[in-house]
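I opened my notebook to look up the ligand and its surroundings. These are my entries.

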Amino acid sequence: MKTLYRSPDGRCIVAVGDITTLECDAIVNAANSSLLGGGGVDGAIHSAGGPQILEECRTLRAGPLKEGLPPGRAVATTAGRLPAKRVIHTVGPIWRGGEHHEDETLESCYRESLAVAAREGLACVAFPAISTGIYGFPKVRAARIAWKTVQEFLAGSPASMPRVIWFVFFSEADAALFMNENKLTENKSIV
Ligand code: AR6
């Protein structure tokens, strides 16, 4: 994992790498409503974490989430073999042109995932760029929403969990776009 930026208060980190390798209390999964796996980061999490994650997702589908997890909502499961303790699954919006509450749904993914982490007392949470892959949400617009929603959450919970939030990008280009859009300057002294 390559760290590019750490905020002055230490609570936000921007990095490039494979989120499944991160030692953080929770990693967020950009899942789909079925919770039964897929491609992208979802596929990577299930394959690195092993079958325990899918087993717990199946149990959720058989019980409290019979209709699946609606877009904008979040739920936690075991992280199986991953270095993280928990996986927080959230379902991003599928981009349909921007007039179908896509922004609000994406905001809700970040907010609800942070709320789950707060409830579970998880100190460190890592987000992938939800909806910006297979679901086609424009990356610049998603970058602005992700940063703004997390900053609003942190402003509203100065002392509580989670204390540290990672924004993890799979490519340098996506990380650069996120930093640029949110006017963050790379801190070269970070190792
Ligand atoms: N670590 C960090 N980021 C990653 C990784 C990884 N290992 N793998 C991919 N990304 P996507 P979505 C980035 O498509 O758009 C699945 O099939 C990727 O480069 O994973 O929300 C689900 O089951 C991109 O920037 O999620 C759903 O059906 C970001 O993660 C659907 O895809 C999100 O891309 C969800 O689509």
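Which element gives the most to the shell around the ligand? I found that α1 does, with 4 residues. Helices (H or I, at least four residues) and strands (E, at least two) are DSSP runs, numbered from the N terminus.

I noted the ground rules. This is a predicted model, where local features need pLDDT of at least 70, side-chain atom pairs count only at pLDDT 80 or more, and totals for chains, interfaces and linings use all residues. Residues are numbered from 1 along each chain as its sequence is written, and side-chain values use heavy atoms, with hydrogens and water left out.

Next I looked at the neighbours. The ligand has 22 residues around it (a heavy atom within 4 Å). Among them, Asn32, Gly39, Val41, Asp42 and Ile134 come nearest. By class, I listed 10 nonpolar, 9 polar and 3 charged residues. Here Ala, Val, Leu, Ile, Met, Phe, Trp, Tyr, Cys and Pro count as nonpolar, Asp, Glu, Lys and Arg as charged, and the others, Gly among them, as polar.

Then I checked distances between atoms. A side-chain N or O atom of aspartate 42 is 2.7 Å from an oxygen atom of the ligand. Isoleucine 134 has a polar backbone atom 2.8 Å from a ligand oxygen atom. For isoleucine 19, a backbone N or O atom lies 3.0 Å from a ligand nitrogen atom. I also looked up the cover: the ligand alone exposes 710 Å² (Shrake-Rupley method, 1.4 Å probe), and the protein buries 90% of that.

Terms used
Polar contact = N/O pair within 3.5 Å; in protein donor to acceptor, adjacent residues only side chain to side chain.
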